[in-house]
Amino acid sequence: MKALIHHAFGNPAEILTVEDVPTPEPGPGEARVRLIVSPIHNHDLWTVTGNYGFKPEMPARSGTEAVGIVEAVGEGVENLQPGTRVATGGTFGVWAEQFVAKDAALIPVPDGIPDDVAAQLVAMPFSAISLLDSLDLAEGDWMIQNAANGAVGRLVAQLAAARGINVVGLVRRTDGIGELEAQGIGRIVATDTDGWQERVLETTGGAPLKVGVESVGGPAAGDVMSQLAENGTLVVFGAMASPTMEIGSGDVIFKQATIRGFWGSKVSAAMPAEDRGRLMRELFARLSDGTITLPVEATFSFDQIADAVRAHFTPGRSGKVMLKP
């Protein structure tokens with residue numbers, strides 16, 4: 001079968017190539033899945049560069065989230081049958097015509113959910129709802145986030161609104177305001193113009209911003225911290241622009257602020273089954289009622305991986321870039 005492989009860490013657009021590899025056989029508690037489509041995430045490409053928390057041995061496969069059809073099951077698998085459409089997130093090596101996953105990592109997908117939506121269901125939406133759930137915010141509370149036009153930023157805004165939580169979103173381009181408004185997401189402030197801090201204050205009406213979610217790094221982290229109320233919490237989710245945060249010590253000291261990290265895969269692995277089920281039910285409900293949307297920007301084949309990587313990093317895209325065999 002065909003799979004995307006790299007033999008060293010580096011630029012994904014240059015080192016990922018389509019190669020012939022043996023078709024895997026599922027072991028006990030596993031299933032083999034035929035890939036339909038898979039989204040490209042930042043962490044997928046960071047793994048290929050060698051700059052993520054997980055470093056695979058070479059030669060390595062790639063990709064972590066997908067929707068596909070179960071082709072075969074291993075010993076002891078009773079909850080899945082060949083022909084079942086399933087989604088998975090956190091299963092490494094899905095950028096292949098077929099891949100093997102633990103049966104517990106495969107979620108049967110209802111017939112009414114399109115492939116492009118099912119392919120994005122687990123990693124970003126579940127991370128977003130897990131992140132939101134971890135913030136301990138009540139109905140009527142206010143939070144602020146940067147990278148508001150990113151996949152997780154959009155989802156957090158939509159899920160928070162359904163819970164009655166108010167979100168101020170920061171974007172680095174004024175054009176980003178209109179892009180989000182077109183998706184029904186408001187309270188967006190662009191930081192590329194003077195006086196944006198006053199616009200944040202106007203948006204909240206002076207209500208305290210209890211939590212900030214930081215996904216950019218560099219001075220953008222300090223921008224979020226500067227807007228937090230006393231005893232506020234800065235939650236670090238990503239590092240889109242820089243692995244180093246520039247935060248004023250005065251903001252941390254005088255606000256008695258707390259800074260903590262959020263790594264979705266770690267949180268998900270430690271989450272009790274009842275909490276996982278509760279959050280997945282909420283996700284399915286929000287997808288069904290149209291509260292959250294998972295748009296697709298473009299879809300590329302494996303042999304177009306270089307174009308797909310470039311499309312992923314194109315500013316202003318409105319949805320995920322997808323890969324298919």
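Biologist: Hello! What makes strand 5 (residues 85-89) count as mostly covered?

Modeller: In strand 5, 4 of its 5 residues are buried, meaning under 20% relative accessible area, where exposed is over 50% and partly exposed lies in between (1.4 Å probe, protein chains only). Strands (E, at least two residues) and helices (H or I, at least four) are DSSP runs, numbered from the N terminus. This is a predicted model, with local features needing pLDDT of at least 70 and side-chain atom pairs pLDDT 80 or more, while totals for chains, interfaces and linings use all residues. Residues are numbered from 1 along each chain as its sequence is written, and side-chain values use heavy atoms, without hydrogens and water.

Biologist: How do you know that strand 5 pairs with strand 7 (residues 107-108)?

Modeller: The two are joined by 2 bridges, in the antiparallel sense, and pairing asks for at least two DSSP bridges, so the requirement is met. Ala87 has Ile107 as its bridge partner in strand 7. Strand 5 also runs antiparallel to strand 4 (residues 65-73), with 5 bridges between them. There, Val67 is the residue opposite Ala87.

Biologist: Why are the buried residues of helix 12 (residues 305-312) said to line one face?

Modeller: The buried residues are Ile305, Ala308, Val309, Ala311 and His312. Viewed down the axis of helix 12, they fall within an arc of 160°, so they line one face; the arc is taken from the directions between the helix axis and the C-beta atoms. An α-helix has 3.6 residues a turn, so residues three or four places apart point the same way.

Biologist: What covers those buried residues of helix 12?

Modeller: The cover includes strand 1 (2-5), helix 1 (12-15), helix 2 (42-49), strand 14 (296-301) and strand 15 (320-324).

Biologist: Why is Asn146 called buried?

Modeller: Asn146 has a relative accessible area of 5%, so it counts as buried. This residue sits in the loop between strand 8 (142-145) and helix 5 (151-162). Leaving aside neighbours within four places in sequence, its contacts (heavy atoms within 4.5 Å) include Leu170, Val213, Glu214 and Ser215.

Biologist: And what makes Ala147 stand out in its phi?

Modeller: Ala147 has a positive phi of about 50° although it is not a glycine. Ala147 lies in the loop between strand 8 and helix 5, and its relative accessible area of 12% makes it buried.

Biologist: Is Asp136 buried or exposed?

Modeller: Asp136 is exposed, because its relative accessible area is 71%. Its phi is near 55°, again positive in a residue other than glycine. Asp136 belongs to the loop between helix 4 (123-134) and strand 8.

Biologist: How do you know whether Glu230 is buried or exposed?

Modeller: Glu230 has 54% relative accessibility, so it counts as exposed. It occupies the loop between helix 8 (219-227) and strand 12 (233-236). Beyond neighbours within four places in sequence, Glu230 is in contact with Lys255 and Gln256.

Biologist: Where does Val211 lie, and what does it touch?

Modeller: Val211 lies in strand 11 (residues 209-214) and is buried, at 5% relative accessible area. Not counting residues up to four places away in sequence, Val211 touches Leu135, Leu137, Trp142, Met143, Ile144, Leu228, Thr233 and Val235. Val211 and Lys255 are 44 residues apart in sequence and 12 Å apart in space, C-alpha to C-alpha.

Biologist: Which residues does a cis peptide bond join?

Modeller: Met58 and Pro59, with omega about -10°. Pro59 is in the loop between helix 2 and strand 4.
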